[in-house]
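Below are my notes on this entry, set out as numbered points. Please read them alongside the coordinates.

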Amino acid sequence: MYEKGFRAYYGASPSILVKPDVNLTSEDFKENLILIGGPVANKITRELNTKLPIIFIYNKSWEVKRNPTAVHEFHAFLVSSDSIMELSLNGTTRAIGVSQVVRNPWNEDNFIIVIEGVDRYGTRRMLEEFSGLRSYTIIGESYREMGFYMTG
């Protein structure tokens, strides 16, 4: 259904090329990318980690931290079954993983979707839960955080 709608709107089906991170060429870096795996499993994610709006840090275990200096405007919300609360951008949180969308630093006309977990099981869960309707999502054991930011 999605492909049929895409073809009707754009006139062609999207072309998707799947490559391991170690096989990407300098030209590949300039395309729209989907990076799967955290900074331990994916060398491109590791290279981008400190420049992303949500970064992974190791503090006896993997945690995620909001990095508001990476973007122009940043808003974070904790969503539970009975409320939505805006969060401070400081501090770290233990999480299963994060998915986020950023401008491609090698070609500002394109985007990168980063889907990563604190381990392979977290990455798998993030893939199952992925939705491109927000700038980022963090999933913890008992919570879900989502937010929006604006890039340059």
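In what order do the three strands of the open antiparallel sheet lie? The order is 2-3-6. The model is a predicted one, and the points below should be read with that in mind.

1. Overall make-up. The protein contains three helices and 10 strands. Read from the N terminus, its elements follow the pattern α-β-α-β-β-β-β-β-β-β-α-β-β. Of the 152 residues, 37% are buried. Among contacts with a separation of 6 or more, 50% are between residues 24 or more positions apart. The accessible surface amounts to about 9600 Å², and carbon and sulfur atoms supply 53% of that surface.

2. The three-stranded sheet. This sheet is open, with antiparallel pairing. Its edges are strand 2 and strand 6 (92-93); each has a single partner strand, so one side of each lacks a neighbour in the sheet. Strand 2 is joined to strand 3 by five bridges in the antiparallel sense, while two bridges link strand 3 to strand 6, also antiparallel. K65 can be used to trace the register: I55 has K65 as its bridge partner in strand 3, and K65 stands opposite T92 in strand 6.

3. The hairpin turn. Strand 2 and strand 3 make a hairpin, with three residues between them. K60 lies in this loop, between strand 2 (54-58) and strand 3 (62-66). Its phi is near 70°, which is positive although K60 is not glycine. Most residues other than glycine have a negative phi, so a reader checking the backbone may wish to look at this turn. K60 is exposed, since its relative accessible area is 79%.

4. Aromatic residues by the hairpin. Four aromatic pairs are found in a search of the whole structure. In one of them, Y58 and W62, the ring centres are 5.2 Å apart and the planes lie at 70°, so the pair is edge-to-face; the cut-off for that class is over 60 degrees. Together with F56, these two residues form one aromatic cluster. How accessible are Y58 and W62? Y58 is exposed, at 55% relative accessible area, whereas W62 counts as partly exposed at 25%.

5. The seven-stranded sheet. The other sheet to describe is open and has mixed pairing, with its seven strands in the order 1-8-7-9-10-4-5. Strand 1 (33-36) and strand 5 (84-86) form the edges; each has a single partner strand, so one side of each is left without a neighbour in the sheet. From one strand to the next, the twist averages 20°. Within this sheet, strand 7 (residues 97-104) and strand 9 (residues 136-139) run antiparallel and are joined by four bridges. V98 stands opposite I138 of strand 9.

6. Helix 3 on the sheet. Which strands does helix 3 touch? Helix 3 (residues 120-129) packs on the seven-stranded sheet, touching strand 1, strand 7, strand 8 (107-117), strand 9 and strand 10 (144-150). The direction of helix 3 makes about 120° with that of strand 8.

7. E145. This residue belongs to strand 10. Is E145 buried or exposed? E145 is buried: its relative accessible area is 1%, and the cut-off for buried is under 20%. The E145 side chain makes a polar contact with the side chain of R66, at 2.8 Å. Leaving out residues up to four places away in sequence, E145 touches R66, A76, F77, L87, Y136, T137 and I138. I138 in that list is the residue that V98 stands opposite. R66 lies within the range of strand 3 (62-66), so the polar contact links strand 10 of one sheet to strand 3 of the other.8. T45. Helix 2 (residues 43-48) contains T45. T45 is buried, with a relative accessible area of 0%. Apart from neighbours within four places in sequence, T45 is in contact with L35, G37, G38, P39, V114 and E116.

How values were computed
Residues are numbered from 1 along each chain as its sequence is written. This is a predicted model: local features need pLDDT of at least 70, side-chain atom pairs count only at pLDDT 80 or more; totals for chains, interfaces and linings use all residues. Side-chain values use heavy atoms; hydrogens and water are left out. Two strands pair if DSSP finds at least two bridges between them. Axes are lines fitted to C-alpha atoms, for helices over the stretch in contact, and angles run from 0 to 180 degrees between N-to-C directions. Contact means heavy atoms within 4.5 Å. Buried means under 20% relative accessible area, exposed over 50%, partly exposed in between (1.4 Å probe, protein chains only). A polar contact is a pair of N or O atoms within 3.5 Å; within protein, one must be able to donate a hydrogen and the other to accept it, and residues adjacent in sequence count only if both atoms are side-chain atoms. Rings of Phe, Tyr and Trp (its six-membered ring) pair if their centres lie within 6.5 Å; planes under 30 degrees apart count as stacked, over 60 as edge-to-face and the rest as tilted. Accessible areas come from the Shrake-Rupley method with a 1.4 Å probe; for residues, only the protein chains shown count as cover.
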